[in-house]
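Reader: Hey, I've got a protein structure open and I'm a bit lost. Could you walk me through it?

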Amino acid sequence: MPDDDLISTLRQAVELSPNNLPLRRHLAETLLTLGHSDEAQKEFRAAIALAPDDLELKLGLARAFAAAGKMSAALVVVEDLLTHQDHPPKAQLLYARLLRGKHPDAAAKAYRRAVEADPSLADPMLARQLGESPSTPYNTGSGSASASIADRDEGHAFAEIVEDAQNDNESPEAGDGTERLAELEKPRLSFADVGGMEKLKEEIAAKILLPIRQPELYKAYGKKAGGGILMYGPPGCGKTFLARATAGEVRAGFIAVGIHDVLDMWIGSSERNLHAIFQQAREHAPCVLFFDEVDALGASRSDMRGNAGRHLINQFLAEMDGAKSDNDGVLILAATNAPWHLDSAFRRPGRFDRVIFVPPPDADARAAILRLLLRDKPSRDIDHETVARKADHFSGADLAATIELAVEAKLRDAARTGHILPLTTKDLLAAMKDQKPTTREWFATARNHAVYSNVGGIYDDILKYLKLL
């Protein structure tokens, strides 16, 4: 199949099943392999939005950045990856290739770590450039020689792309001087696609949606459309999904901002990137600007040793205040799993003046989520209420994982029989035994902050949920 036809076919499949993570991953990798690095970035971002903790996807995004010549962005993502103990060995190899021109000692160290973790990653050409021994075998573990050679050839081809991009597109000493823009989307989701969260929807409607739908009413009272809402709670409970649905409700633009969209290794570049993203939202108002894991960009300044992070937070606060620009029509949503790490200045009125706890879904919401998750899968006589009652403390992500386990088991049966077999209540309950709620670990940490650091009652909602208040 010609390359264009292959990409077109994959795109059509993704449009039909936008939440199919393996399909999106395959499209992103295909685009990157065929040299469409800018489009690959978009698909990797979309896949990461579905699976924020998938390190392989983040590595793919870093590779796409590097292939496009965005070396600073690639370094930011790779350095974040390397903070995870279970990072892919290929992250060290990419790190070595990114550093080899200006920091050969650090590059050599990263190369050694990559090869020690996975000997099949050995690259004699790169090793010689770094002054390392090129004699390490390509594959000392299991697997075929042909697969190892294919990996090696892919690595050489990618190394050439990185080297060309380094030579042609970036001057590491001074940075490239250009601001980094995030992707502007037009989500098709609405609140009808969000299971449960009725109280949260009402808060967002009052704060964000009504000023856009009835601007003349708000203008009469001197109120502008815009403002900020901070959502916090255990991971996997739908904060990001709700933000997209908010934009879809009013057909507004949506910009999802991750740390890799802002952070840059060069002094002053991160602040310029953040200003450019806010300016992009102002130019496309009404626009929902969503900061996921906002504590990574707005950590408490009292915990910082250097000045770089402080400057970025000051810039963030100034952009939210609209000190030099009008934020009318810019709707700022942010999510965090650790609100106790966020600088207290963000909670001042006029910034994130609504701080909302997003708990795990209750039984009714879990049933609604199950219906939404199962609507495009073959099923028969599912008792959603029974499954929901058994899934106490499950997040939306936990429910999605449960369904995936049930689907995998059903696929094995379908493969043996050659027929499509529908999911049943029994299948979901069986899968639930292998999927434990991930929210309990978060509450163990949150409880201590709520009990001992509840200044001004900010964590009262956690105490109420735990029935401690």
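Author: Sure, we'll go from the overall picture to the core, then to salt bridges, one helix and the surface. Keep in mind that this is a predicted model.

Reader: Okay, start broad. How many helices and strands are in the chain?

Author: The secondary structure comes to 21 helices and six strands. The chain has 469 residues, and 46% of them count as buried.

Reader: And what's the accessible surface of the chain like?

Author: That surface comes to about 23,500 Å², with 51% of it belonging to carbon and sulfur atoms.

Reader: What share of the contacts comes from residues 24 or more positions apart?

Author: If you take contacts with a separation of 6 or more, residues 24 or more positions apart account for 70% of them.

Reader: Cool. Which residues have the most contacts inside the largest nonpolar core?

Author: Those are Phe44, Leu94, Leu98, Tyr111 and Leu130, in a core of 47 residues. Helices α1 through to α8 are involved: α1, α2, α3, α4, α5, α6, α7 and α8 each supply at least two residues.

Reader: Which helix gives the most to this core?

Author: That's α4, with nine residues.

Reader: Is there another core apart from that one, or what else should I look for?

Author: Yes, another core of 26 residues lies apart from it, and its members include Ala281, Cys287, Leu312 and Phe352.

Reader: Back to Phe44. What is Phe44 in contact with, leaving aside its neighbours within four places in sequence?

Author: Phe44 is in contact with Ala28, Glu29, Leu32, Leu57, Gly60, Leu61 and Ala64. If you click on those, keep the helix ranges handy: α2 covers 21–33 and α4 covers 55–67.

Reader: Switching topic: how many salt bridges does the structure hold?

Author: It holds 20 salt bridges. One of them joins the side chains of Arg11 and Glu43, at 3.5 Å from N to O. Arg11 sits in helix α1 and Glu43 in helix α3, 32 residues apart, so this pair links distant parts of the chain.

Reader: Are Arg11 and Glu43 buried or exposed?

Author: A bit of each. Arg11 counts as partly exposed, with 26% relative accessibility. Glu43 is buried, because its relative accessible area is 5% and the cut-off for buried is under 20%.

Reader: Got another salt bridge for me?

Author: Try Glu385 and Arg371, whose side chains meet at 2.5 Å, N to O. Glu385 is in helix α17 and Arg371 is in helix α16, 14 residues apart, and this pair also links distant parts of the chain. Glu385 is partly exposed at 36%, and Arg371 counts as partly exposed at 39%.

Reader: Which residues do salt bridges that share partners join into one network?

Author: Arg11, Arg24, Glu39 and Glu43 are joined that way.

Reader: And why are Lys201 and Glu198 separated by about one helical turn?

Author: Because they are three residues apart in helix α10, which runs over residues 198–213. Their side chains meet in a salt bridge too, at 3.4 Å from N to O. Lys201 counts as buried at 9% relative accessibility, while Glu198 counts as partly exposed at 46%.

Reader: Let's do one helix properly. What span should α18 have?

Author: Helix α18 has 22 residues, 396–417, and at 1.5 Å a residue they should span 32 Å. The end C-alpha atoms are 31 Å apart, which agrees.

Reader: Which residues of α18 are buried?

Author: Gly396, Asp398, Leu399, Thr402, Ile403, Ala406, Val407, Lys410 and Ala414. The buried residues of α18 pack against α16, α19 and α20.

Reader: What is α18 followed by?

Author: Gly418 follows α18, and the phi of Gly418 is positive, near 80°.

Reader: Last topic, the surface. Which residues make a nonpolar surface patch of about 330 Å²?

Author: Val451, Tyr452 and Leu468 make that patch. Leu468 is in the segment after α21 and counts as partly exposed, at 43% relative accessibility.

Reader: One more: where is Leu6?

Author: Leu6 is in helix α1, residues 3–16, and counts as partly exposed at 29% relative accessibility. Leu6 and Leu31 are 25 residues apart along the chain, and 9.8 Å separates their C-alpha atoms.

Conventions: Residues are numbered from 1 along each chain as its sequence is written. Side-chain values use heavy atoms; hydrogens and water are left out. Helices (H or I, at least four residues) and strands (E, at least two) are DSSP runs, numbered from the N terminus. Buried means under 20% relative accessible area, exposed over 50%, partly exposed in between (1.4 Å probe, protein chains only). Patches are made of residues with over 30% relative accessible area and no salt bridge: like charges are joined within 9 Å, nonpolar side chains (Val, Leu, Ile, Met, Phe, Trp, Tyr) within 5 Å. Accessible areas come from the Shrake-Rupley method with a 1.4 Å probe; for residues, only the protein chains shown count as cover. A salt bridge is a side-chain nitrogen of Lys or Arg within 4 Å of a carboxyl oxygen of Asp or Glu. A nonpolar core is a set of buried Ala, Val, Leu, Ile, Met, Phe, Trp, Tyr and Cys residues joined through side-chain atoms within 4.5 Å. Contact means heavy atoms within 4.5 Å. The expected span of a helix is 1.5 Å times one less than its number of residues.
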